[in-house]
Amino acid sequence: MLVLARPPPSPPLNLSLRSPLAHGDLNPNRLLLLLPFHAPPNSMAAATGTRRRRRRSGGGRGGLEVTCMANQRRVRMVAKQIQRELSDMLLTDKVLQYAVLPEASLGADRYLSSLTTISDVEVSGDLQVVKVYVSVFGDERGREVAIAGLKAKAKYVRSELGRRMKLRLTPEIRFIEDDSLERGSRVLAILDRLKDEKKRIEEDDEQFEQSNISEEDEDDKDEPDERIIYVK
Amino acid sequence: MTKAIPRIGSHRNGRIGSRKNGRRIPKGVIHVQASFNNTIITVTDVRGRVVSWASAGTSGFKGTRRGTPYAAQAAAVNAIHTAVDQGMQRAEVMIKGPGLGRDAALRAIRRSGILLSFVRDITPMPHNGCRPPKKRRV
C-alpha cells in the first residue's frame, strides 16, 4: 500500500504506482485494497480471470486502477476545512438557502422556521467520499424539507466545493440526517426532570419533618420509602 | 459604549447605579454568537441592555472543547439561569455565525422552559465590502 503525505504534483500516471495488471501476479491481498466503488462489479470474480475486462473499464490509461490513502492528519484537516466551507455556504449561498428553507425565496429569511447546522463531516481515507451529518432544528415538516432540499442539491454543492477548495479530486458528497443532538437533548431533559423531582421530594421531606415534630414514629416509617427513587 | 437611554429620575438619584436587582423583564432577547471555536450567549432586554452573559469558556471548558455542542448548551444553561431568576418568560433568539453552538444552544433554551417567540439569523453579511482573509490551504 502506498501512503502519501501530500498528493504528488504530477498526475499519477507517471509515478511508479503498482497496478495489479502490470506485475502479473494477481495477488488477492493487493486486489482487496481497491475500494468497491472504484473497481468494476466483477473485480473479485476476475481476480484470477481475464484481464480484458479491467482494461476496458480503465479507459485510455491502460487499465490502471489508482487508490491512494492520504495521511491521517491530512484527512482530518480536509474534513475540518470542508465543514467550514459548507457552513459558510449554508450561510451565504442563496441557492442552498432556498433549498433548505423554501420560504426564504419569498423574502421571509429573517424569521426562521428551521435552522440547519452541519454537525459533523467524515471523509474517507482516500478523500473521495464525504459524509456530511446535518442537524435540523425545527418541526418534523421543516426537517424533511431541509434534508430533501440538501439531498437534491448534492451535485451543486459538490461543484461549489470544487470551486472553493483546491483538491485534486472533489469528493462525492452525501448528506445524512443527524439526530444525535436531538437525542442528547432528550437525555438531558430527562436528567433535569429527575433532578427536579429529587429536589422536590427532599424539600417535602424537610417540610414534613419541621411541621410534625411530635409524630416521630410515622416519620421513621415514611422517610426511607420517600427517599428511594426508582429510576426506570 | 453603553446605550444612552435617558432616565427621568437620574438627577434626583444623583448616582446611576446598577439597578440589576430591581428589574423584572418578562420579555428579552438572547443573542447567540456561535463561532467554530467558542459560543457566547448574551441575554439582553428588548432594547439591547445586557442582563447577563455566559460563554463556553466561562462555563469551565478550555481549548478545543469550547467549540463542542455540549459546551454550548452548558453556556446556555448558565446564561439563562440569571434571566429566569429575573422573571423572563418569553425570548427572541438572534443567532450569529456558523458553528455547532447554534443548534445546541437553541435546544438548551427550549428545554429550559423559556418560550421561544422568534428565531432570527443575524450573521453579518457584507454587500461586498472588506476583503476577507486569504483562503486556507489544505
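1. Starting with the A/B interface: in this predicted model, 25 residues of chain B are in contact with 29 of chain A. Putting the two chains together buries about 2,700 Å², with 61% of that on carbon and sulfur atoms.

2. On the polar side, 7 residue pairs are in polar contact across the interface, both partners at pLDDT 80 or more. The salt-bridge count between the chains is 1. That one pairs A:Glu182 with B:Arg107, and their closest N and O atoms sit 2.7 Å apart.

3. Which elements of chain B give two or more residues to the side that touches chain A? They are helix H2 (69-85), helix H3 and strand E5 (115-121). H3(B) has the largest share, at 6 residues. By type, the residues on this side of chain B split into 12 nonpolar, 9 charged and 4 polar.

4. B:Arg102 deserves a look while you have the model open. This arginine belongs to helix H3 of chain B, residues 101-111. Is B:Arg102 buried or exposed? It counts as buried, because its relative accessibility is 6% and the cut-off for buried is under 20%.

5. As for what the B:Arg102 side chain does, one of its polar atoms lies 2.7 Å from the backbone oxygen of A:Thr116. Within chain B, the B:Arg102 side chain also makes a polar contact with the side chain of B:Asp121, at 3.3 Å.

6. The wider surroundings of B:Arg102 draw on both chains. Setting aside neighbours within four places in sequence, its contacts include A:Leu91, A:Leu115 and A:Thr117 from chain A, and B:Ala34, B:Ile95 and B:Gly97 from chain B.

Terms used:
Residues numbered from 1 in each chain as written. Chains lettered and ligands numbered in written order. Predicted model: local features only at pLDDT ≥ 70, side-chain atom pairs only at ≥ 80, totals over all residues. Heavy atoms only, no water. Helix = DSSP H or I, 4+ residues; strand = E, 2+ residues; numbered from the N terminus. Buried < 20%, exposed > 50% of the residue type's maximum accessible area, 1.4 Å probe, protein only. Polar contact = N/O pair within 3.5 Å; in protein donor to acceptor, adjacent residues only side chain to side chain. Contact = heavy atoms within 4.5 Å. Buried area = accessible area lost by both parts, 1.4 Å probe. Salt bridge = Lys/Arg side-chain N within 4 Å of Asp/Glu carboxyl O. Nonpolar A, V, L, I, M, F, W, Y, C, P; charged D, E, K, R; others polar.
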